[in-house]
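Trainee: Got a minute to go through this model with me? I'd like to start with how the chains touch.

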Amino acid sequence: MNKHLLILGAGTAGTMMANHLRKRLSKSEWRITIVDRSEKHLYQPGLLFLPFGIYEESDIIRPTRDFLPDNVEFIQAEIDAITPDTHSVTLKEGSTLTYDVLIIATGCHTAPEETQGMLGPKWRDNIHDFYTLDGARALRDKLANWPGGKLVMHVNEMPIKCPVAPLEFIFLADDFLREKNMRDKVSITYVTPLSGAFTKPKAAKKLGHLLTDKGIELVTEFAVEHVDQEQNRLVCYDGREVPYDLLVTIPTNMGDAVIQRSGLGDDLNFIPTHKNTLQSLKYPDVFVLGDATNVPTSKAGSVAHFESETLADNVLLHIEGKPLKAEFDGHANCFIESGDGKALLIDFNYEIEPHEGGFPFSFGPMSLLDESRINHWGKLAFRHIYWNILLKALPMPGISRQKKMPAEV
Amino acid sequence: MKKNIAGTEVDVNEEGYLTDMTQWNEAIAATIAVEEGIPTLTDKHKQVLEYLRQQQSAGVALTIRSMGKSNVVTVKELYDLFPGGPLKKSSKIAGIPKPVGCI
């Protein structure tokens, strides 16, 4: 046992890589270690449902170790620095790990401190987020007794993890308020830095009606200069203002601080990564996947899943000294809750925008870019698939790492 | 689809954005700018356009944040230069794709 594969981060991406590679690397030759600051695995897609009481915390948290194979060592620790020049990683408590191959899967997180006035006395009072467990919990408690008023869903800047989640939030909020017979006491506004809620032509054409049907106001190209906590309003650089009674925000998303400390990232701490091989652009023994990369596709669990299959092959090819497969195509596949017990499903990659058709097969049973009940059941069933199949890197029939071409492009 | 802009035939998408940034020239930029309600492109506009084209060539995603940190322009100036749509107008005039989300 003389070689060491080190994985940083035991979220969706890191856990899948531990499972893939423990099956494929010789146990007598390769030791595998995985490091994470937490020993609890959070099912992040479930955070969307927590504020509305659809999921409980117990539905979305499991012990990290339950999903790691035998013969993988788990270290619960904060990582202090990554030093590729010496093939070493220092932990906060002082010990140093060395590696032959490093996989970085340290993800991304919300950084409300990046926006002036966002953190302050009213953070978690009438300014909320749902991308953290604490935030989703606080928002659930707020919504339970909220008398109504101006509800504003705000996206601070791109990229964010799960870019459809804010839209899903307003669709579910619309449902939630209707069920409480208080939709008429609430105005819902969606504030985005992009030029629209739907920016891809096919999606815009097919889904543009959703916002107007549900009576949701749209404010576009809005870059928040500061949050005015005294007057309860968002202020744009061009002087526009959006007042709120309850602000639900997606703060700036950034890669982990250890990436910045180690000098490995861009200005948002995302790591420059080859978009087809997932190898670091700077260090051949370092590979990156999941939300930690800068590759131009969505930050989403499905992307990490598709990346993990290519990366498992590439780590083996790298060890054998063979050329890597430049095959990752940016494939993403996401359910979008649209309210009223229905959901949409989208499938896309670097080149092909979300389109209509069947999924996972041309005949279905699910439908792409179309609202349906079966898509909603698929989204709810996915939690079980996540825990039992996806994290353990077991095969998913009909689901291919590369995107299947649509009938008409 | 093809479109004739300022005497040059170029490839554009359904929203009028150039699909091949190498077909761009300053006359095309000036014409699109007028369509977008900007009668004259100043030197400051041109600096922003040049920066955007460099970033696009380098494969860097365009965001209001990154433009504000560029030392070329502040975010406030960006809104003043391209009123009502700093991202969609500046990218269209620069002959590069519009910044988009996943849908």
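Mentor: Sure; for contacts, two residues count if their C-beta atoms, placed from the backbone, lie within 7 Å. This is a predicted model: local features need pLDDT of at least 70, side-chain atom pairs count only at pLDDT 80 or more, and totals for chains, interfaces and linings use all residues. Residues are numbered from 1 along each chain as its sequence is written, with chains lettered from A and ligands numbered from 1 in the order in which they are written.

Trainee: How many residues does chain A bring to the contact with chain B?

Mentor: Chain B puts in 19 residues. On that side of chain B, helices H3 (64-68), H4 (75-81) and H5 (86-93) each supply at least two residues (helices are DSSP runs of H or I, at least four residues, and strands runs of E, at least two, numbered from the N terminus). Chain A's share is 23 residues.

Trainee: Which strands are the edges of the sheet S15-S16-S17 in chain A?

Mentor: That open sheet has three strands and antiparallel pairing, where a pair needs at least two DSSP bridges. S15(A) and S16(A) (residues 233-236) pair over four bridges, and A:Asp228 has A:Arg233 in S16(A) as its bridge partner. Pairing on one side only are the edge strands, S15 (224-228) and S17 (241-243) of chain A.

Trainee: How far apart are the C-alpha centres of domain 1 and domain 2 of chain A?

Mentor: Domain 1 of chain A covers 3-110 + 254-319, and domain 2 covers 112-251; the bounds come from an automatic or database domain assignment. Their contact takes 13 residues from domain 1 of chain A and 21 residues from domain 2 of chain A. The C-alpha centres of these two domains are separated by 30 Å.
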